[in-house]
Amino acid sequence: FFFQAEDGIRDAQESRGLGDVYKRQLLVATLQKDLASASPHEVLVALNTLSKLLCPSIVHALVDPVVKLLNHAHELLRKKAIMVLHKIAQIAPTAITEYHEKMKKALCDKDPSVMMASLNLYMDEVRAHPQRFKDLVGSFVVILKQVIEHKLPRDYD
C-alpha cells in the first residue's frame, strides 16, 4: 500500500500511516520557520538539520529560504547555505533556479570561507562540464593567486 500526499511532500515509499505525512509537514514547517528566524543560532541549527535530513520530497519547500540566506549578514550562515544548496543540487538539480548565477555571486563573497565553500561546488561541476565554465577561468585564477601570494586573512593560511 502506497500513499502519496497531495501536497507532494512525501516520497514514494511504503506508508506507515497518515501520521508520516503530518510528521514531514511539521518538519518542513519548523525548518521554514527556523530558516527565517532572526536568531543566527536557530538558522544555523536549521541548516545543519537540513543538511542531514534533506530528501527529494522536501527540497522544493525549502530551497527558497536557503537561497535567501546567501545574502545573510553572518558569513557562517552564508557558507552553510552554500553547502546545503550544493546538496540540494545533487538531490534535485532542477530545484534551484539560476543556480550558477547564485554560485558566481558566492564565489566573489568578501569572506574567504564562503568563497572556498563555493569553490567546492564548482570543483564537481567543472569536472563534469568544463566547457560551461570557461567564463570563470579568470575568477579561479584570481582566487588561486590570492592563496599562493598569501593575500587571504591570516586565519586562512
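Here are a few short exercises on the salt bridges of this predicted model.

**Exercise 1.** Find out how many salt bridges the whole structure has.

*Solution.* Start with the general idea: side chains of opposite charge can pair when their charged atoms come close. Now search the whole structure, and you get five salt bridges.

**Exercise 2.** Look at the pair Asp34 and Lys33, and work out whether each residue is buried or exposed.

*Solution.* First, check the contact: the two side chains, Asp34 and Lys33, form a salt bridge with N and O 3.1 Å apart. Next, take Asp34, which has 17% relative accessibility. Buried means under 20%, so Asp34 counts as buried. Then take Lys33: its relative accessible area is 54%. The cut-off for exposed is over 50%, so Lys33 is exposed.

**Exercise 3.** Place the salt bridge between Glu101 and Lys104 in its helix, then see which residue joins them in a network.

*Solution.* Begin with the distance: the closest N and O atoms of Glu101 and Lys104 are 3.6 Å apart. Both residues sit in helix H5, which covers residues 99-107, and they are three residues apart, about one turn of the helix. Glu101, at 49% relative accessibility, counts as partly exposed, and Lys104, at 25%, is partly exposed too. Finally, bring in Asp135: together with Glu101 and Lys104, Asp135 belongs to a network of salt bridges.

**Exercise 4.** Describe the salt bridge of Lys151 and Glu149.

*Solution.* Their side chains meet at 3.1 Å, N to O. Lys151 is exposed at 60% relative accessibility, while Glu149 is partly exposed at 40%.

Terms used. Residues numbered from 1 in each chain as written. Predicted model: local features only at pLDDT ≥ 70, side-chain atom pairs only at ≥ 80, totals over all residues. Heavy atoms only, no water. Salt bridge = Lys/Arg side-chain N within 4 Å of Asp/Glu carboxyl O. Buried < 20%, exposed > 50% of the residue type's maximum accessible area, 1.4 Å probe, protein only. Helix = DSSP H or I, 4+ residues; strand = E, 2+ residues; numbered from the N terminus.
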